[in-house]
Amino acid sequence: MSETIESILDEHRSFKPPQGHQGNIASLQAYHSLCEAFSNDSDATWKDLATEHLNWKSPFSNVLNQQNAPFFRWFEGGTLNLSENCLDRHIDAGLGERNAIIWESEAGEVRHISYSELLANVCRAANAMLTLGIRAGDRVVIYMPMIPEAAITMLACTRIGAIHSVVFGAFSPQALKDRIEDTQARLVITADGGGRRGGVHALKPNVDAALSEGCQSVEHVLIVRHAGNDIEMKAQRDLNWHEALHAESEHCEPLAVDSEHPLFILYTSGSTGKPKGILHSTAGYLLWARLTMLWTFDFKPESDVFWCTADVGWITGHTYSVYGPLACGGTTVMYEGVPTYPDPGRLWKICADHDVTIFYTAPTAIRALIKAGDEWPNQHDLSGLRILGTVGEPINPEAWMWYHNVIGKGRCPIVDTWWQTETGGHMIAPLPYATPTKPGSATLPLPGIDIAVVDEEGQEVSDGGGLLVLRKPWPSMLRGVWGDDQRYIDTYWEKFKGKYYFAGDGARRDEDGYMWIMGRVDDVLNVSGHRLGTMEIESALVSHEAVAEAAVVGRPHDIKGEAVCAFVTLKGDVDDASAQALATQLRAHVTKEIGAIAKPDDIRFSNSLPKTRSGKIMRRLLRDIAAGREITSDTSTLEDQSVVQQLQKSR
């Protein structure tokens, strides 16, 4: 294996967990004891947890069936209903009047929805779907803004055993069409539009465009009248959500389904090829959603208000906006809008207004808010916050420190989580009142998760970086790629011949056993035989006082193999005359932080980076731009198309 740069940065800061708090996992000793229980008897430990944390209609007879690996089956013989576990059980326990959802629109409208009210609406929606002929196993595509009806629809599908596939509301008609056709959905549920940046983002016209050619499986479209924009209704096909639900009963008996019954299909795009329909099943996913809420976030449903800023169109929104908090009987916040409208203090105002205690967002959002300035969070009372979380990509140490000092005032533990659409929930994360944290490290695998860093031959490495793998199955793992078993095997299991699940990420393990995620393997550069994690170079650039955000990719180089190309946004403006001098400074800074081998060959300045509407940097576009290639990949999810033109002109 080629030589590896060992550190994201030469990072030695460490922070002890706050003292005087009783966490759900109270100490590092308690963490190690639970890990030991899994090591000694994994099946028995999973059995105890599944029995304790889920309500079963009929008990399972077998914990894990590995006979058809890698198509694993968990909790065989058991039956249950997800919506009953998220709603009825809490109402039966006397929590019907507790807030299940606090929703706020970009315009400032607020709704408080109790568990009793949520159950009534879920039952009405489930009955409406039954009236339309939807049955267990049928696919329902949900194309909605971030409104309570999106969560209601998801839960209604689980009530009757339908399989939902949520499509992010900013996706194009073509992306929507592709997902409808792949799932062969019989029903699409959408809205007229959603609020965005003070205007209305229309949704129904996109559905009409997607269904105009093909999509023969769709029989009906249910439309939530939310934004008040004009829409066309197609006779026989299109139905008004509110009218349909008004005609239905508030009681719908939850259907007990097999533990392995498909729960949802969620599409994730790779760097190449068509999007993959990641399939999750019911019991294992729900168990891990609940456990990670209790462990990673130390969630206490009787007192916490939890806000995950992710849209339900992504796995983070599935697990930590909807299913995880509700499985625990707690309160979850939903916000329909962007983080910086009408000003960069919006997130912090919502935290203060709704007494948020646990806040979970992406490093991309954090870096954007750093650029806006400390005065925005300082205007709001954030003293109620007790835990801060990050998700979506590795967080660079300087952004971690800002989050810690400015938002958490040095008292809130930060849980930096690593996981994927495919894993269903957190795999690596600190426990807030047990694990000492290091800026930039996701720290330790959660109990029951067997993670290793290996070389190309699958041998575990003790020094330096390597490939991140999972060596044992876990309950919330994906059950396959919808309609394509071979793609599931080829993508996740073929590299190590079925022995390990390959996550696609590079990582290193330090002397304390802490995990440092280096980014996707296709984001690891090979420069003159040296493997450089793009995250390492990005972290070095962002640690410079002038830099707000950076993205690093490789471009072909005749001598080095790959050259380092950095795209940089600054905290302030820079004119053409100053740009060259600043680029020289940044190259010297990276050399100082990592070494001359990591010094960027190219530095391009821009007002912003190309991002999807969910905030992820589209690095494949940057690779094309850096190499001077024609852009042929899909840009339908790009937030601002003009960014690409600006970067192509920059030098």
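Which residue follows α10, and what is the sign of its phi? In this predicted model, α10 is followed by G329. The phi of G329 is positive, near 80°.

Helix α10 covers residues 315-327. Its end C-alpha atoms span only 16 Å, whereas a straight helix of 13 residues would span 18 Å at 1.5 Å a residue. The helix is largely enclosed by the rest of the structure, because 13 of its 13 residues are buried.

Helix α5 (residues 148-160) also has 13 residues. From first C-alpha to last, α5 reaches 19 Å, close to the 18 Å expected at 1.5 Å a residue. Burial is again the rule: 13 of the 13 residues of α5 are buried, and the helix is mostly covered. A glycine comes next here too, namely G161. Its phi is positive, near 85°.

C328 takes part in no disulfide. The nearest cysteine sulfur belongs to C86 and lies 8.8 Å away. A disulfide requires sulfur atoms within 2.5 Å, so this distance does not qualify. The structure as a whole holds 0 disulfides. C328 counts as buried because its relative accessibility is 7%, with the limit set at under 20%. C565 counts as buried as well, at 0% relative accessibility.

Aromatic contacts were searched across the whole structure, and 32 pairs were found. One of them joins W307 and F359 in an edge-to-face arrangement. Their ring centres are 5.4 Å apart, with 65° between the planes. This pair links distant parts of the chain. W307 belongs to strand β17 (residues 305-308) and F359 to strand β19 (residues 358-361), 52 residues apart. Both partners are covered: W307 counts as buried at 1% relative accessibility, and F359 is buried at 0%.

Y488 and Y492 form a tilted pair. Here the centres are 6.1 Å apart and the planes meet at 50°. Both tyrosines lie in helix α15 (residues 485-492). They are separated by about one helical turn, because they are 4 residues apart in that helix. An α-helix has 3.6 residues a turn, so residues three or four places apart point the same way. Y488 is buried, and Y492 is buried too.

Ring pairs also build a cluster. Its members are F38, W46, W56, F60, W74, F75, W288 and W295.

Charged side chains meet aromatic faces at two sites described here. The charged end of R111 sits over the ring of W103, 5.9 Å from the ring centre. K495 lies over the face of F502, and the distance to the ring centre is 5.8 Å.

F502 falls within strand β25, which covers residues 501-509. This strand belongs to an open sheet of 4 strands. The strand order is β22-β23-β25-β26, and the pairing is antiparallel. The edge strands are β22 (451-454) and β26 (515-520), each of which pairs on one side only. From one strand to the next, the twist averages 45°. Strands of a sheet pair through backbone hydrogen bonds, either parallel or antiparallel. β25 and β26 pair in the antiparallel sense over 5 bridges. At one of the residue contacts, R509 has M515 of β26 as its bridge partner.

Conventions: Residues are numbered from 1 along each chain as its sequence is written. This is a predicted model: local features need pLDDT of at least 70, side-chain atom pairs count only at pLDDT 80 or more; totals for chains, interfaces and linings use all residues. Side-chain values use heavy atoms; hydrogens and water are left out. Two strands pair if DSSP finds at least two bridges between them. Helices (H or I, at least four residues) and strands (E, at least two) are DSSP runs, numbered from the N terminus. Axes are lines fitted to C-alpha atoms, for helices over the stretch in contact, and angles run from 0 to 180 degrees between N-to-C directions. Rings of Phe, Tyr and Trp (its six-membered ring) pair if their centres lie within 6.5 Å; planes under 30 degrees apart count as stacked, over 60 as edge-to-face and the rest as tilted. Buried means under 20% relative accessible area, exposed over 50%, partly exposed in between (1.4 Å probe, protein chains only). A charge sits over a ring if NZ of Lys or CZ of Arg is within 6 Å of the ring centre and within 35 degrees of the ring normal. The expected span of a helix is 1.5 Å times one less than its number of residues.
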